[in-house]
Amino acid sequence: IDRTVLLGGPGGGKSTAASFIAFTSSKDINARVPFFVVLRDFARDEDLDRSISTYVEERCAALYQCKPPEGAIEHLLLSGEALVIFDGLDELIDTSLRREVTQRVELFSERYPLCSALVTSRRVGYDQAQLDPRMFDTFVLGGFDADDVSEYVKKWFSSVEELEGADLELAHANFLSESETVPPSERRRQIRWERCPSGRSGPRS
């Protein structure tokens, strides 16, 4: 990921993909340090004149109840050791506000040319406030076919629920069987999430 826009339909997995990228990056000591910016929260702030870097620093301090070392985040952004994920551009309903936030993201990218950035948005309406295509590559998140769903479900039960052998095969088969009751128009939402009895998030059919 360098400068990327990830587009998709509603419930198509954009935020899930962004969260997964942030999670895997945070576990890899050699990967860029991820910072997750929910754009509806950023835009809700009364002071939009505040820089994105300042917002990131203040969010870190609020989340972890500990102010980052002086200049640490600025160093990560300038040196290319950070990945900033801007999630939910489409959730800014006001088109003028969406355009303003788009401009802020572009200015941020110019200010920190080595910093990687990922922006997620729905496809519908994106052209009303799209990021500069000279700066950002755009990709569309495709849907899952039956084989993709089957592979995903098996990997999920294996890695998250830590099932194996006969237990894995049974959970996999039961989930796919239950999925058949879902109307075809709703099957594209296969990777939505719900709370499982185990207390973990799981695939929802």
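Let's start with strand β4, residues 116-122: 6 of its 7 residues are buried, so the rest of the structure largely encloses this strand. Please keep in mind as you look around that the model is predicted.

What surrounds β4 within its sheet? On one side, strand β1 (residues 3-8) pairs with β4 in the parallel sense, over 6 bridges. You can find V5 standing opposite V119 of β4. Strand β3, which spans residues 82-87, also pairs with β4 in the parallel sense, here over 4 bridges. Look at V119 again, because it is worth a second visit: V119 in β4 is the bridge partner of F86.Now step back to the whole sheet. 5 strands form an open sheet in the order β2-β3-β4-β1-β5, and the pairing is parallel. Its edge strands are β2 (33-38) and β5, each of which pairs on one side only. From one strand to the next, the twist averages 20 degrees. At the β5 edge, 4 bridges join β5 to β1, and the two strands run parallel. Here L7 stands opposite V140 in β5.

Next come the helices that lie against these strands. Helix α5 (residues 95-111) packs on the sheet and touches β1, β3 and β4. The direction of α5 makes about 175 degrees with that of β3. Helix α3, residues 52-64, lies across β2 and β3 and runs at about 100 degrees to β2.

Follow the chain onward from β5 (137-140) and you enter the loop that leads to α6, where F144 lies. F144 is partly exposed, with a relative accessible area of 41%. The C-alpha atoms of F144 and G12 are separated by 9.5 Å, although these residues are 132 apart along the chain.

Beyond that loop, let's look at a pair of helices. Two packed helices are described by the distance between their axes and the angle between them. For helix α6 (residues 146-159) and helix α7 (residues 165-179), the axes come within 9 Å and cross at roughly 135 degrees. That angle makes α6 oblique to α7. The crossing in which α6 passes α7 is right-handed. On the α6 side, the contact is made by V149, S150, V153, K154, F157 and S158; α7 contributes L168, E169, A171, H172, F175 and L176. Sorted by class, this contact has 7 nonpolar, 3 polar and 2 charged residues.

Conventions
Residues are numbered from 1 along each chain as its sequence is written. This is a predicted model: local features need pLDDT of at least 70, side-chain atom pairs count only at pLDDT 80 or more; totals for chains, interfaces and linings use all residues. Side-chain values use heavy atoms; hydrogens and water are left out. Axes are lines fitted to C-alpha atoms, for helices over the stretch in contact, and angles run from 0 to 180 degrees between N-to-C directions. Angles under 35 degrees count as roughly parallel, over 145 as roughly antiparallel, 65 to 115 as roughly perpendicular and the rest as oblique. A crossing is left-handed if the near helix is turned anticlockwise from the far one by less than a right angle, and right-handed if clockwise. Contact means heavy atoms within 4.5 Å. Ala, Val, Leu, Ile, Met, Phe, Trp, Tyr, Cys and Pro count as nonpolar, Asp, Glu, Lys and Arg as charged, and the others, Gly among them, as polar. Buried means under 20% relative accessible area, exposed over 50%, partly exposed in between (1.4 Å probe, protein chains only). Two strands pair if DSSP finds at least two bridges between them.
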